[in-house]
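Colleague: Got a minute to walk me through this one? I'd like to start with what's packed inside.

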Amino acid sequence: MVLPIIIRGLIYMNIEIEIYKTNGEIEAVSLANEKKGELLKGLQAIVGGYVEMIRYVAGVPIGEGKILLVNEDGLRDNLPPNPLIPGIVGNAVIMNDADFD
């Protein structure tokens, strides 16, 4: 778990995520000094819309204490299938569950 940093009353987080892209690439990203309130906006930009949290995908080892975030409207928006995660469309993010609170 990452501990928050508080500067001038604002809470900042250093969060590690992995982006599973529709082009087959996996990108590890550190969201250093991310404001707690702006984390959701950044994750929405990565998945291309509203975020849906998934804790289990059959046959995919997400990991203990991890969550998968996808575009909530990905099927309706006809996003391309994600070749790295069967049954998922669009870019996806895997991150620590505790960092998403």
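**Cores and buried spots**

Modeller: Sure. This is a predicted model, and its largest nonpolar core has 13 residues, of which Ile-17, Leu-43, Leu-69, Val-93 and Met-95 touch the most other members. At least two residues of this core come from each of strand S2 (10-20), S3, helix H1 (39-47), S5 and S6.

Colleague: How many residues does the second, separate core have?

Modeller: Tyr-20, Ile-54, Val-57 and Leu-68 are included in that second core. Its size is 11 residues.

Colleague: Back to Val-93: which residues is it in contact with, leaving aside neighbours within four places in sequence?

Modeller: Contact here means heavy atoms within 4.5 Å. With the sequence neighbours set aside, Val-93 is in contact with Ile-17, Glu-18, Ile-19, Leu-43, Ile-46, Val-47, Ile-67, Leu-68 and Leu-69.

Colleague: And Leu-31, is that buried or exposed?

Modeller: Leu-31 lies in strand S3 (residues 26-35). The cut-off for buried is under 20% relative accessible area. Leu-31 has 16%, so it counts as buried.

Colleague: How far apart in space are Leu-31 and Ile-17, C-alpha to C-alpha?

Modeller: In sequence, Leu-31 and Ile-17 are 14 residues apart. Their C-alpha to C-alpha distance is 7.6 Å.

Colleague: Which backbone oxygen does the side chain of Asn-82 reach?

Modeller: Asn-82 sits in the loop between strand S5 (66-71) and strand S6 (92-96), and it is buried, with a relative accessible area of 3%. Beyond its neighbours within four places in sequence, its contacts include Tyr-20, Ile-88 and Gly-90. At 3.0 Å, the Asn-82 side chain reaches the backbone oxygen of Gly-90.

Technical notes
Residues are numbered from 1 along each chain as its sequence is written. This is a predicted model: local features need pLDDT of at least 70, side-chain atom pairs count only at pLDDT 80 or more; totals for chains, interfaces and linings use all residues. Side-chain values use heavy atoms; hydrogens and water are left out. Helices (H or I, at least four residues) and strands (E, at least two) are DSSP runs, numbered from the N terminus. Buried means under 20% relative accessible area, exposed over 50%, partly exposed in between (1.4 Å probe, protein chains only). A polar contact is a pair of N or O atoms within 3.5 Å; within protein, one must be able to donate a hydrogen and the other to accept it, and residues adjacent in sequence count only if both atoms are side-chain atoms. A nonpolar core is a set of buried Ala, Val, Leu, Ile, Met, Phe, Trp, Tyr and Cys residues joined through side-chain atoms within 4.5 Å.
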